[in-house]
Amino acid sequence: MAEPSKLTEEQKNLLENEEKRKSFMYTGIAMCRNNEVTLRWSRSAILSLINGGILTFMGAQRTHFYLVLSLGIGAIILCAFWRLLNWKTQIWIDYWNSCLAKMEPPESDLLIFRVFTGTAWRKINKRPTFHNLLNFLPYAFIFLWAGLIVWFAILHKQEPTVNNPIIFFQLNTKGGGQ
């Protein structure tokens with residue numbers, strides 16, 4: 001490449017445009033990566049709330065075995081889907097991280113700050129990663145739901161079957177409204 005002082009005006013404009021293009025690409029890729037990270041945390045929060053809501057609903061009602069069974073199986077399927085979403089999201093995050101790492105200068109250039117490469121990056125990304133910790137939630141809920149199904153199955157065999165409809169709330173009609 002020619003020395004900067006010997007470059008024509010057109011070559012200088014091309015170099016300047018290339019630097020702007022790289023800057024825009026880096027910013028865009030970083031935004032995609034950050035969006036994936038934010039979506040993963042948001043999904044996990046929403047799915048944790050859904051699981052907690054189902055548990056609360058079951059705990060507040062007189063539940064029948066088949067209701068527990070259907071809710072438990074549905075929740076296990078939901079948690080398996082949640083785990084699949086986390087896995088696919090991590091693939092995208094790893095992809096965006098690798099794109100950003102490729103745009104950074106080589107590690108041999110010691111005077112330039114790097115974000116997605118280098119010893120600090122490797123040190124921070126040792127196991128257990130946030131991704132591994134976040135995957136604990138769907139697994140924990142799967143085991144919880146499976147345990148509840150087994151527990152209710154054992155209780156269901158011990159108690160006689162009652163054919164009462166599910167009561168969401170009960171009004172006290174005895175005692176003159178007291």
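# Notebook: contacts, cores and rings

**Entry 1. Overall build.** I started with the contacts. Of those in the protein with a separation of 6 or more, 80% join residues 24 or more positions apart. I note here that this is a predicted model. I then listed the secondary structure and found 5 helices and 0 strands. Read from the N terminus, the elements run α-α-α-α-α. I looked up burial next. Buried residues make up 24% of the 178 residues. The accessible surface comes to about 13100 Å². Carbon and sulfur atoms hold 66% of that surface.

**Entry 2. Helix α1.** I checked whether the length of α1 fits its residue count. Helix α1 covers residues 9-60, which is 52 residues. At 1.5 Å a residue the expected span is 76 Å. The end C-alpha atoms are 76 Å apart, so the two agree. I also pulled the buried residues of α1. They are Ile29, Ala30, Arg33, Glu36, Val37, Arg40, Ser44, Leu47, Asn51, Ile54 and Met58. For the spacing I kept one general point in mind: an α-helix has 3.6 residues a turn, so residues three or four places apart point the same way.

**Entry 3. The largest core.** Which residues make up the largest nonpolar core? I found 12 in all: Leu47, Ile54, Met58, Phe65, Val68, Ala75, Cys79, Trp82, Phe141, Trp145, Leu148 and Phe152. Helices α1, α2 (65-103) and α5 each supply at least two residues of this core. The largest share, 5 residues, comes from α2. Another core, of 7 residues, lies apart from it. Among its residues are Trp96, Cys99, Ala101 and Phe116. As a general note, nonpolar side chains in soluble globular proteins tend to be buried together.

**Entry 4. Cys79 and Ile142.** I picked Cys79 out of the largest core. Its relative accessibility is 0%, so Cys79 counts as buried. I left aside its neighbours within four places in sequence. Cys79 then contacts Asn51, Pro138, Phe141, Ile142 and Trp145. I followed one of these partners, Ile142. Ile142 sits in helix α5, residues 136-158. Again leaving aside neighbours within four places in sequence, I found Ile142 in contact with Ile76, Cys79 and Ala80. I also checked Ile142 against Ile73. The two are 69 residues apart along the chain, and their C-alpha atoms are separated by 9.4 Å.

**Entry 5. Far end of α5.** I looked at Lys157, which is also in helix α5. Is Lys157 buried or exposed? Its relative accessibility is 74%, so Lys157 counts as exposed. I took its distance to Phe65, a residue of the largest core. Lys157 and Phe65 are 92 residues apart in sequence, yet 9.8 Å apart in space, C-alpha to C-alpha.

**Entry 6. Cysteines.** How many disulfides does the structure hold? I counted 0. I checked Cys99 to see why. The closest cysteine sulfur to that of Cys99 is in Cys32, 9.3 Å away, which is too far for a bond. A disulfide would need the two sulfur atoms within 2.5 Å. Cys99 has a relative accessible area of 14%, so this residue is buried.

**Entry 7. Aromatic pairs.** I counted 6 aromatic pairs. One of them is Trp41 with Phe130, which is edge-to-face. Their centres are 6.5 Å apart, with 70° between the planes. Trp41 lies in helix α1 and Phe130 in helix α4 (residues 130-134), so the pair ties together parts 89 residues apart in sequence. I looked up how covered each partner is. Trp41 is partly exposed at 41% relative accessibility. Phe130 is exposed at 61%.

I went on to Trp92 and Trp96. Their ring centres are 5.7 Å apart and their planes are at 25°, so this pair is stacked. Both are in helix α2, 4 residues apart, so about one helical turn separates them. Trp92 has a relative accessible area of 37% and is partly exposed. Trp96, at 15%, counts as buried. I also noted a cluster: ring pairs link Trp92, Tyr95 and Trp96. Trp96 thus appears twice in my notes, since it is also among the residues of the 7-residue core.

Note on methods: Residues are numbered from 1 along each chain as its sequence is written. Side-chain values use heavy atoms; hydrogens and water are left out. Buried means under 20% relative accessible area, exposed over 50%, partly exposed in between (1.4 Å probe, protein chains only). Contact means heavy atoms within 4.5 Å. The expected span of a helix is 1.5 Å times one less than its number of residues. A nonpolar core is a set of buried Ala, Val, Leu, Ile, Met, Phe, Trp, Tyr and Cys residues joined through side-chain atoms within 4.5 Å. Rings of Phe, Tyr and Trp (its six-membered ring) pair if their centres lie within 6.5 Å; planes under 30 degrees apart count as stacked, over 60 as edge-to-face and the rest as tilted. Accessible areas come from the Shrake-Rupley method with a 1.4 Å probe; for residues, only the protein chains shown count as cover.
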